[in-house]
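Please read the following briefing alongside the sequence and the coordinates. It sets out pairing, packing and contacts by topic.

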Amino acid sequence: MQCSFVEHRNYKVVYRRYASLFFLVGVDNDENELAILEFIHLLVETMDRHFGNVCELDIMFHLEKVHFMLEEMVMNGCIVETSKQNILAPIQLMEKTS
Amino acid sequence: MDLSLNPFSSGTRLRDMIRAIRASKTAAEERAVVRRECAAIRAAISDNDQDYRHRNMAKLMFIHMLGYPTHFGQMECLKLIAASGFPEKRIGYLGLTLLLDERQEVLMLVTNSLKQDLNHSNQFIVGLALCALGNICSAEMARDLAPEVERLLQTRDPNTKKKAALCSIRIVRKVPDLAENFMGSAASLLKEKHHGVLISVVQLCTELCKASREALEYLRKHSVEGLVRILRDVSNSSYAPEYDIAGITDPFLHIRVLRLMRTLGQGDADCSEHVNDILAQVATKTESNKNAGNAILYECVETIMGIEATSGLRVLAINILGRFLSNRDNNIRYVALNMLMKAMAVDTLAVQRHRVTILECVKDADVSIRKRALELVYLLVNDTNVKPLTKELVDYLEVSDDDFKEDLTAKICSIVEKFSQDKLWYLDQMFKVLTLTGNFVKDDVWHALIVLISNAPELQGYSVRSLYKALQASGTQESLVRVAVWCIGEYGEMLVNNISMLDVEEPITVTESDAVDALELALKRYSVDVTTRAMCLVALLKLSSRFPQTSKRIQAIVVQNKGNTVLELQQRSIEFNSIIQRHQSIKSSLLERMPVLDEASYLLKRAASSQATVSLTKSAPSAASGGSLKVPNGAVKPPPAPLADLLDLSSDDAPVTTSAPSTAPNDFLQDLLGIGLIDTSTAGGAPSASTDILMDLLSIGSYPVQNGLPATSNIGSPGQVTKHAPGTPQVIDLLDGLSPNVNAAYPSITAFQSATLKMTFNFKKQPGKPQETTMHASFTNLTSVTLTNFMFQAAVPKFIQLRLDPASSSTLPASGNGSITQSLSVTNNQHGQKPLAMRIRISYKVNGEDRLEQGQISNFPAGL
């Protein structure tokens, strides 16, 4: 199993593969790589909870929703929230009203 | 879908557009779809179409993701943000963060909207504004809106609080002065229970510590207890379904707190003491069978290494490290290697113990691990273990992948140079590396090798013999061939006569003709690289002096390149042939052993140049350090070729201007070959053009000596003869007839003469800039009528640049009672290859009549 970290110039890329989809995160050198791996998984799980059995097409056709979700999780490179419930609450609210 | 409203409106839904894009089979198809959509969106924007704004923005974002330009949508974002509905604002803000960045001026226009939204009653809208601000605000915006954000840190809603905290991070990053405003709130917020708030606040504290010393001190005093408590609570907490990952509650919070502890405890014994216990607890209790646990342990070990930990704690950390290192999971091993690098600073001995495992990792199948391990090995090298370590690395060099070879070679060369007290060992290692991966060896490395060899007379015989053997075995590695060829040329007689053999050597029989064979082979077969072949030619020339019997044969070989299409080789071939044939008298002194290359100054130069310094202004020769002839080098920024290029290593056509990095290696060469002591402090020495130096060398001409350049008659330095601007005719003149060329300056010419006027040119060249010539034109009126509206124009071929200065006047008095003068400067980009040529046009008025005269000047003196 290949290492999930690739060094590129003075950054690192942490990636994780889910079937045919790759999630890449660029981090600087003092970031905890293993934590980022966990974070990617958290993101995928959150999307899964929202879309139900999320697949690539879900992300593609609902790009804004994915962005909203990401906005609830990461801001300016820092983690905002790690509870799926808290992350999805505003999004579900918005969907209910529109 | 009301198509009549807007004929261009595509009316497609977002998903239809996406489907259309995905269905495109070629890039051109996709571009067509995107173009159509963009046109529709642009039309909608300019019509201020309200209906589909939301959808259009979403489309625009998708198009942006694909990489197409979307700046026309920026104003639309602003309009959306200013709208009152939540969905509009939402998509507007999202568009803002995606389509713009802080450098755009449009961003400033949003400040007002942001301010209003930050004060909105709807907390979701406040959240939106904070999010946008936190992602892309610029420094001015940060300053403007900081008070609002500060206030929001105190609200009751945890969602707002957490976003406000993260927004503050950005503000503090952009405007570090504001850090003090936030530290109080940050410290008090650590008492919160909500995990989202906690994690945001912890990150805020970390950022504050980085931004301001004062904040760091404040937090040290006020927050350490709180942090310990947080970590303890979350570590001991029972199962919390929302935050649980692999049995651990909120590992992200763990990690952030640990990192903050590291920042606070670094260099502070007090703080470190406080956190000792909890660190020990976390380090021992956390399970390491899942990634989440390992992530926490990783952060824990980093923190222990970073603070002033007790020795017990350190031992704990090193143990965890050891476990990680032997884990089968590649990610864990990578992380372990990372930790080891940090651990070097703390406990080198512990790291040395793992040396064997680390060496194994250098040979690992995984690319990232190999890289990390190699860097670690480089740090581990010290005087005691350098020999076995190097041996391992060189052995591995043979079997490693090509993309890794380059890194590995560079590291080995660097290690070997640093720890080379034993010259023989250094030479051996370098020869091995050159043989295996010479093609990856950088230029300055093998230059250094040559410097070393030239400074170690007792090892020269050994070197040349080893290199000869290596060359016989294989000639595929460029650098090896170059070094070998140089040595054979220099120390040929040592090779053939087995001079100064070392104990470890066995005698080999090499005849003179064998040596010439080797060089011939290198010249003809081994490579097409011009530099190498040029070096071969020089080496052959040297051998023709050292082995007089082979002179005829060498001449035959050299002459074969007389018609070579590469100018450098052709030139050398002709000149060397000339030397061998006609100048036997001076040949041996020309080709004496080279002066010892000054190691100290070379290393100095190399260090200085690695900081990309340009100027290598040489002064007139100061105290010579052993060489028989020290000649100042060319000017600061000359094209490489005219510079003394004793090793003849720059073979490319001289570029007109050379940038600093590219001249650096060539300039080394100049120093390398001991041309003048590098005395950069005395920049007063005017550089002289190479041709002038040549004149002096051969004591020819009454050329005014510049700056005390001694007109020496000592023709000592072997390569001097070869040093010249490409194709400068004067050089060849010198060699051919040794005839004095008295007037080294260029004679003035009558460029143009007609019944009406005469034009003369005077020339001046700046030393060191052979391609540039300043010409002074002077016009005389040969008639008895005054000429008015005098205008001179000139045209030059493409490879010449011309600059005309304004003329002294536009009236030319009659009968030569006065003249008009005008300066021009030309730069001949193909100086030496093509002569100067110019077409001129002179227009004037005589007696009210316009006249025009044209002509071509082709009698420019040669060498311009």
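**Strand pairing and chain contacts**

Within β10(B), the residue that serves as bridge partner to B:Arg841 is B:Gln854. The model is a predicted one, and the points below take up the sheets of chain B, the hairpins of chain A, the contact between the two chains and the salt bridges.

**The three-stranded sheet of chain B**

- Strands β6, β9 and β10 of chain B make an open sheet of three strands in the order β6-β9-β10, and their pairing is antiparallel.
- The edges of this sheet are formed by β6 (788-795) and β10 (849-857) of chain B, each of which pairs on one side only, and the twist from one strand to the next averages 15°.
- Strand β9 of chain B, which covers residues 838-846, is joined to β10(B) by nine bridges, the two strands running antiparallel; besides the pair of B:Arg841 and B:Gln854, B:Ile842 is found opposite B:Glu853 in β10(B).
- The connection between β9(B) and β10(B) is a hairpin with two residues between the strands, and B:Asn847 in the turn has a positive phi of about 55°.
- On the side of β6(B), the antiparallel pairing with β9(B) extends over six bridges, and B:Thr788 has B:Lys845 in β9(B) as its bridge partner.

**The five-stranded sheet of chain B**

- A further open sheet in chain B is formed by five strands, whose order is β3-β4-β5-β8-β7 and whose pairing is antiparallel.
- Its edge strands are β3 (749-753) and β7 (800-804) of chain B, each pairing on one side only, while the twist averages 25° from one strand to the next.
- Five bridges connect β7(B) with strand β8 of chain B (residues 819-828) in the antiparallel sense, and along this pairing B:Arg803 stands opposite B:Ser825 in β8(B).

**Hairpins of chain A**

- In chain A, strand β1 (residues 5-8) pairs with strand β2 (residues 11-18) over four bridges in the antiparallel sense, with A:Tyr11 in β2(A) as the bridge partner of A:His8.
- The hairpin of β1(A) and β2(A) has two residues between the strands, and A:Arg9 takes a positive phi near 50° there.
- Strand β2(A) is also joined by seven bridges to strand β3 of chain A (residues 21-27), which runs antiparallel to β2(A); in this pairing A:Arg17 stands opposite A:Phe22 in β3(A).
- The hairpin of β2(A) and β3(A) likewise has two residues between its strands, and here A:Ala19 is the residue with a positive phi near 50°.

**The contact between chains A and B**

- The contact draws 57 residues from chain B and 44 residues from chain A.
- About 4,800 Å² is buried between chain B and chain A, and carbon and sulfur atoms give 56% of that area.
- On the chain B side, the residues that lose the most area to chain A are B:Arg90, B:Glu242 and B:Phe252, which together account for 15% of what that side buries.
- Two packed helices are described by the angle between their axes and the distance between the axes.
- For helix α1 of chain A (residues 33-51) and helix α15 of chain B (residues 291-306), the axes come within 8 Å and cross at roughly 145°, and the crossing is left-handed.
- In this packing, A:Glu33, A:Leu34, A:Ala35, A:Leu37 and A:Glu38 of α1(A) meet B:Asn291, B:Ala292, B:Asn294, B:Ala295 and B:Tyr298 of α15(B); by type, the residues of this contact divide into six nonpolar, two polar and two charged.

**Salt bridges between and within the chains**

- Over all chains the structure holds 36 salt bridges, and the count between chain B and chain A is seven.
- B:Arg90, which is among the three residues of chain B that lose the most area to chain A, meets A:Glu72 in a salt bridge of their side chains, at 4.0 Å from N to O.
- Inside chain B, a salt bridge links B:Lys59 with B:Glu37, and their closest N and O atoms are 3.2 Å apart.
- B:Lys59 belongs to helix α3 (residues 53-66) of chain B and B:Glu37 to helix α2 (residues 27-46) of chain B, so this pair ties together parts that are 22 residues apart in sequence.

Notes
Residues are numbered from 1 along each chain as its sequence is written. Chains are lettered from A and ligands numbered from 1 in the order in which they are written. This is a predicted model: local features need pLDDT of at least 70, side-chain atom pairs count only at pLDDT 80 or more; totals for chains, interfaces and linings use all residues. Side-chain values use heavy atoms; hydrogens and water are left out. Two strands pair if DSSP finds at least two bridges between them. Axes are lines fitted to C-alpha atoms, for helices over the stretch in contact, and angles run from 0 to 180 degrees between N-to-C directions. A crossing is left-handed if the near helix is turned anticlockwise from the far one by less than a right angle, and right-handed if clockwise. Contact means heavy atoms within 4.5 Å. Ala, Val, Leu, Ile, Met, Phe, Trp, Tyr, Cys and Pro count as nonpolar, Asp, Glu, Lys and Arg as charged, and the others, Gly among them, as polar. Buried area is the accessible area (1.4 Å probe) that two parts lose on being put together, summed over both.
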